[in-house]
Amino acid sequence: MKTARPLVASLSLVLVFLSPVGNLRAQEPDCGGPPVMPPLTFDQPKVFDTVRAGGEPSIDVHPDGTLLYAAHASTTLFYRSNMPDPDYATPYTGSTYVWRSTDGGNTWRYVGLGGTEVGPHAATISGFSDPDFAFDSAGNAYTAGINLANVYVAKSSDSGKTWSGHAFAALATDREWLAADQPDVVYMNGNSLVQGRRLWKSEDGGLTWDAGRALDGGGPPNKIELDKSDGRLYFANASGGVQVFPNIRNNDFTNFVADVPGGTPHAHGFLNNMALDRAGNAYLVSNTATSIRVSYSTDRGATWTSQTIHTSPANTVLWPWISAGDDGRVGVSWFQADKVVGSTDGTAANYRVMAAQTTTGHGWTDECGVSHEPAYEVTVATPQPFHSGTICSQGTTCQIGGIDRRLGDYHSNAITPDGTFLIAYSDTSVKPTGAVSHPGFIRQSGGLDFVDDGPRPTEITSLEGTPDGGNLSVSGAVDFGGEAPVTIAEDVAGDGPIEPQRAAEDGVDLTAARLYQPDPDKPELVFEWKATNLPSLGSHPEAVRYTFPFKIGTKRFQPQAKLTNFASITLVDDAPSHARLPGDHFQLRGNCVDNYPIPEAPLANCPHVAWVGGEFLPGSSTIRLFLPIGASFAPEIVPGAVITRDVVATTTIVAAYQAVVSNATTSDEALWEEGVTYTVPRKTSALGVAPAGTDPSTVTFGAPATVGSDNVFGGSVDVSALAPGDYELFAKACFASNCAVASTPFTI
């Protein structure tokens, strides 16, 4: 989904005012607000199957974009007072219901035997309840279900068209959840009726499972989440913490439990759902009776920060679910009553689906350098109630009291590869007198994508041409979009982690390096490295450094990211009057001489010129360093400057790379010495004239225009040789390759 890009916060402004007593005092600076997000909107909610039941729906998205939806067959999810109902018994196959969509949810197809629309989705399965999905790194899809006597797991290698699977009588379990990692590696947790809350592992695509191990804190039966960047597995337990398995990929089930401030409340329900964004940050959603809370961790689950993102004292909220896309882009949905409901079992209410979005899921920093909590925007996803009445969350005992059990205990949401937010819910409004609910679906239609697929496009917002003798005097304005990342090095060999050269260093392999300026109005380059086995911050010695030497003309530089706070440089190396701040990990060295032949001290003759900003993102194995443009300590880094890799005659980049980071291989030598250059982008504009109706792609922009600091441009075009007739004035404005073309007609 291509939707609006975020707007930047306002520019800071310092004002001075005269106090009532006549003293001149400085007003607090305007530090700007969080990034402004366009409103999150949704298509009209739809119920896509009015025959089969849709309780406790699970929605997920295959990596190829195929949508998969599964629901409880309602064997135990029904409203006794509305019996009999043909939708309860007629479609029943003994298994959960599965649907598939290949057009983004416009149409859905029920998945039966062998890809038909008849029967269960696999022949040898038995389990009508508690569906879930997971995908391994090879694209295999897994789904599961239970009938209390057994758990079944089914596998699909064709994006959910066909499934095969079987039941495991030994796993008599309630509310199982799945997570998948490398090819055919699947994890499952559940409430074993004999052994309690457990976690099992399969390494053959779900055919066989190990004996399992206990999970901390017992119930509730929360979903497990797995980070495919390193196989780390997360589980939110009932004791108010998060259990983390850092090395489970290597069959090392050593784990730790991290506290979550305030615990993990779950009023009117029993689930705490988690999500991981693409940068490796973890999120956990929970709720009180009238508020939704999200906790987040930026250090791989070690520590957590909690925040109430929505509170409504006049409305009961329940069953929140959370998904995450790119770094900090988080979506939450929940059910909300139109009043306060002390007991959902006994008090009827009208329920709507609510949704919230943020691009600052782990906080944001204003223009004065002050950190703030994440900023969420809340919206109504279903303008009309999808359910009116009571909601029983007491499991199978609901039928003893004859309480409405059609919805089950949860709903779910997901994010597509292009960043569209999807919500699955159980609908009773289409057939309010029926005994079962039906599968409801909501799709984001507007607002901000949950996946950032590049900078906003450049746009020419105004263009005018005024005749001036034989010239056309031109003026206009541009909203410049940023530059997309430019790859300047890539490990095409993909040879994976490299063993350390010395015991003090970590074995990492830099797989890519990128440069770009994401904001044309912010004088700052982003220097980005991708690495394998990126260690966690502060856990490795000073010798672990990441560097990419470059030149501008004859000036040589080395940006450097260091995992510790210990500085090996001396005060003599530091820039005059430059104080290092606690926690700095990033520096720029400059005025370098030929220092590479010194294997044990490769930076000795490359003085430190400044500490600069940066960040380590272990979840995505990414390091970012922010290089100021036009700073006094590096005046060579200006728009138009050409950056090349620094290759010296006396040795190779690989030699320096070995001395600083790891033991590089021959493939890395070819990688790092390939001749790629990068030009710091400028804002440019040019003009052209052509007969009316000319294809813009064929216009020659031969007249330069000048772009001012306010993004207003101006220039002139010689039209003295043109014959009378209808013409168009064309303007082209670019920031790097992010260009826009506009035209306006004129007549001679």
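## Close-up views of a predicted model

**View 1. Surroundings of Asn222 in the predicted model.** Asn222 touches Trp177, Asn189, Phe235, Ala236, Asn237, Phe270, Leu271 and Asn272, when residues up to four places away in sequence are not counted. The residue belongs to the loop between strand 16 (213-214) and strand 17. With a relative accessible area of 0%, Asn222 falls under the 20% limit and is therefore classed as buried. Two polar contacts of the Asn222 side chain can be followed in this view: one reaches the backbone oxygen of Ala236 at 2.5 Å, and another reaches the backbone nitrogen of Asn272 at 2.6 Å.

**View 2. The second largest cavity and its lining.** The model holds two cavities of 30 Å³ or more, and the second largest cavity encloses about 50 Å³ of space. Its lining is made up of Gly269, Phe270, Leu271, Asn287, Trp319, Pro320, Trp321, Asp409, Tyr410 and His411. Strand 25 (residues 317-324) gives the largest share of this lining, with three residues. By residue class, the lining of the second largest cavity consists of six nonpolar, three polar and one charged residue. Phe270 and Leu271, which appear in this lining, are also among the residues that Asn222 touches.

**View 3. The second largest pocket.** This pocket has a volume of about 1100 Å³. It is lined by 42 residues, of which Asp60, Glu225, Lys228, Leu276 and Ala324 are the closest to its centre. At least two residues of the lining are supplied by each of strand 5 (55-61), strand 9 (129-135), strand 13 (173-180), strand 17 (224-227), strand 21 (274-276), strand 25 and strand 32 (412-415). The lining of the second largest pocket divides into 21 nonpolar, 12 polar and nine charged residues.

**View 4. An open sheet of four strands.** The strands follow the order 5-6-7-8, and their pairing is antiparallel. Strand 5 and strand 8 (109-110) stand at the edges with a single partner strand each, so that one side of each is left without a neighbour in the sheet. Within the sheet, strand 6 (residues 67-72) and strand 7 (residues 97-101) run antiparallel and are joined by five bridges. In this pairing, Leu68 stands opposite Arg100 in strand 7. Strand 5, an edge strand here, is also one of the strands that supply at least two residues to the lining of the second largest pocket.

Methods
Residues are numbered from 1 along each chain as its sequence is written. This is a predicted model: local features need pLDDT of at least 70, side-chain atom pairs count only at pLDDT 80 or more; totals for chains, interfaces and linings use all residues. Side-chain values use heavy atoms; hydrogens and water are left out. On a 1 Å grid over the protein atoms alone, a cavity is a set of points where a 1.4 Å probe fits but cannot get out, and a pocket is an open set with protein on both sides within 12 Å along at least five of seven lines; lining residues have an atom within 4 Å of a point. Grid points are joined across faces, edges and corners, and a volume is the space filled by probe spheres set on the points. Ala, Val, Leu, Ile, Met, Phe, Trp, Tyr, Cys and Pro count as nonpolar, Asp, Glu, Lys and Arg as charged, and the others, Gly among them, as polar. Two strands pair if DSSP finds at least two bridges between them. Buried means under 20% relative accessible area, exposed over 50%, partly exposed in between (1.4 Å probe, protein chains only). A polar contact is a pair of N or O atoms within 3.5 Å; within protein, one must be able to donate a hydrogen and the other to accept it, and residues adjacent in sequence count only if both atoms are side-chain atoms. Contact means heavy atoms within 4.5 Å.
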